[in-house]
Amino acid sequence: MTRIANDPADFVSQALAGFVAAHGDVVRAVDGGVVRAVPAARGSVALVVGGGSGHYPAFAGVVGAGMAAGAVCGNIFTSPSAGQAYRVAKAAHRGGGVLFSFGNYAGDVLHFGEAEARLRDEGIDARTVLCTDDIASAPLDEIDRRRGIAGDFVVFKIAGAAAERGDSIDEVERLARLANHRTRTLGVAFGGCTFPGAGEPLFTVPDGMMSIGLGIHGEPGIRDVPRTDSATLAATLVGALLADVPEQRGARVVVIVNGLGTVKYEELFVLYGDVAALLEAAGVTVVQPEVGELVTSLDMAGASVTLFWLDDELEPLWAAPAYTPAYRKGSVEVAAATDAGDEVFEAGEAEQLPEASEWSKTAATLALGYLDAARATLHEHEAELGRIDAIAGDGDHGVGMRTGIDAAGEAADPDAGLRAMLAAAGDAWSERAGGTSGALWGSILVAVGRALDREGADPCTAVADAARAALDAVTSRGGARVGDKTMVDALDPFVRTLDQRLAAGDALPDALDAAARAATDAAAATSALRPALGRARPLAEKSLGHPDAGATSLALIATAISETTRKEAR
Ligand code: ADP
Ligand code: MG
């Protein structure tokens, strides 16, 4: 439990403010997280890490020389928004590109992916390396589906050291991927963690038992076994880790024994001693181990063991010095934050957007009419969308879509021009609505604004491009394919029908009408499908015979767009 707090709702922001106050020589607060107080060399790659809060030292604690340039800080165990990730990256960027790195969780992938797209759109070379070290979360042949736990730290250390050395973004990305590929973690939980202000832990482990394969968001382990002594526990963990090694693993390994929150350092040292002995017996040389709290899960009682298989390239990067609030290694010459003068803030300045043209403002006013039409239909169908989502999901789709469209409408200012208006609207939708669909609709608005804002383009081509851009945004961010029972099942036929009808010479209102009908039919037809992704997947059977909520709302919006176009054309 949490013993020290004011209002639990402000816990995260107050903890972050106190953290920055305590470490002002190393980090400074920016909108969305923290960046280095003393920026790295101009032209270097900015490693930007992040995720939910509740994992300290991950993620803010590893910002500093030799490690991350910035950290994006979400709410407890909740992905930060795309806007947060974008703003922190802009503040951290030093001209050499941005490498995002974070644990592989659907929400983080969505939001950081959107931020990456926006940075690229502005000409900043942004990339992503996901951390996938948890061997309990998927088999080795599906390593890309594994989630990231304590091994995040390894990837951050390697990428951070390469960036500090002045490596190009291609190199930093390659080395980060290589490090991730050679990192494996397995953990154990003895007791669950409790949110600040909550009375009950997220999960409990039965007395006398321990849970192997813990997550770092209060996910219980995958199998409960009777508690053992440290030597037996070490044998269980090391045995599994030695059975799951990269090809050409080599004979030198970094060991991390990580505490999840309430396991004492002395206990971790006992475990480390047993782990090291087993590795030695297996003929493996342990290099520069770490024992302590590197990636935690609030007050969870648990520990994990990470093996990072070194090679000649990676070992010097692991050994390189670092100076961060939570992690210091070797000796780094640290410039005082004040010495950097204007340089500190120059890096964080927002790019000045060009003044919107009259054409763009007029187009934005037109687009506002479409947002209004979408708002009307989403308000009208809120209860129905909630009911559909409740069958196999969590019932929040109606509220989520209504909250999102309202936030988008409030944030939309036509004077900003079409593209900036829809970007702000998309940000607001994603940030306020939350949830998978909120993030995806945020991406849709941003992508559509980008595609439509082309003065002088043929309207039919621009609309078809915008629809295609929306589909690309959803599939690249969310990874869903046709047939997975998501909004893609309605969006894909919308796009294809629109393309076909325009190619056949239909007027825009007619083509949009046909496309909206195709989306509506396809949304209804999702009743026959089993969900392959998202929250509904575990309840796939219950979902049979009912349409997908996100496909249904997409078809409603498509219909509203078609009707608005028909009215405009009159
Ligand atoms: P959450 O699932 O976070 O509660 P919502 O209930 O608002 O979010 O939205 C659920 C809808 O989101 C689903 O019905 C589905 O259409 C859509 N969805 C979920 N995951 C994906 C994905 N990976 N790609 C595209 N659409 C998705
Ligand atoms: Mg839902």
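Two strands count as paired here if DSSP finds at least two bridges between them. I begin with that definition as it underlies the first pair I shall show. What I present this morning is a predicted model.

Take strand β3, residues 46–53, and strand β4, residues 70–76. These two strands run parallel and are joined by five bridges. Within this pair, valine 48 stands opposite glycine 70 of β4. In general, the strands of a sheet pair through backbone hydrogen bonds, in either a parallel or an antiparallel manner.

Let me now widen the view to the sheet to which this pair belongs. How many strands form the open sheet, and in what order? There are six, arranged as β1-β2-β4-β3-β5-β6, and the pairing is mixed. At the edges are β1, residues 27–30, and β6, residues 126–131, each of which pairs on one side only. From one strand to the next, the twist averages 25 degrees.

Two helices should be considered together with this sheet. Helix α3, residues 106–121, packs on the sheet and touches β3, β4, β5 and β6. The direction of α3 makes about 175 degrees with that of β5, the strand at residues 98–103. Helix α4, residues 152–165, lies across β2, β3, β5 and β6. With respect to β5, α4 runs at about 165 degrees.

I turn next to the loops that leave β4 and β3. The loop between β3 and β4 holds proline 57 and phenylalanine 59. Which peptide bonds at these two residues are cis? The bond from tyrosine 56 to proline 57 is cis, with omega near 10 degrees. The bond from alanine 58 to phenylalanine 59 is also cis, and its omega is likewise near 10 degrees. On the other side of β4, in the loop that leads to α2 at residues 82–92, we find phenylalanine 77. Phenylalanine 77 has a phi near 55 degrees, a positive value in a residue other than glycine.

Further along the chain there is another set of paired strands. Strand β7, residues 183–191, pairs with strand β8, residues 209–212, in the antiparallel sense over two bridges. Here valine 188 stands opposite isoleucine 212 of β8. β8 also pairs with strand β9, residues 223–226, again in the antiparallel sense, over four bridges. Isoleucine 212 has arginine 223 as its bridge partner in β9.

Finally, I come to the ligand. Which residues come nearest to ligand 1? Of the 19 residues around ligand 1, they are Asp396, His397, Thr436, Ser437 and Asp548. For three of them I can give distances. The side chain of aspartate 396 has an N or O atom 2.8 Å from an oxygen atom of ligand 1. For serine 437, a polar side-chain atom lies 2.5 Å from a ligand oxygen. For aspartate 548, a polar side-chain atom lies 2.5 Å from an oxygen atom of the ligand. Taken alone, ligand 1 exposes 560 Å², and the protein buries 93% of that area.

Which elements give two or more residues to the shell around ligand 1? They are α14 at 435–452, α15 at 459–478 and α19 at 549–569. The largest share, four residues, comes from α14. By character, the shell divides into seven nonpolar, seven polar and five charged residues.

That concludes the presentation, and I welcome discussion.

Conventions: Residues are numbered from 1 along each chain as its sequence is written. Chains are lettered from A and ligands numbered from 1 in the order in which they are written. This is a predicted model: local features need pLDDT of at least 70, side-chain atom pairs count only at pLDDT 80 or more; totals for chains, interfaces and linings use all residues. Side-chain values use heavy atoms; hydrogens and water are left out. A residue is near a molecule or strand if one of its heavy atoms lies within 4 Å of it. A polar contact is a pair of N or O atoms within 3.5 Å; within protein, one must be able to donate a hydrogen and the other to accept it, and residues adjacent in sequence count only if both atoms are side-chain atoms. Accessible areas come from the Shrake-Rupley method with a 1.4 Å probe; for residues, only the protein chains shown count as cover. Ala, Val, Leu, Ile, Met, Phe, Trp, Tyr, Cys and Pro count as nonpolar, Asp, Glu, Lys and Arg as charged, and the others, Gly among them, as polar. Axes are lines fitted to C-alpha atoms, for helices over the stretch in contact, and angles run from 0 to 180 degrees between N-to-C directions. Contact means heavy atoms within 4.5 Å.
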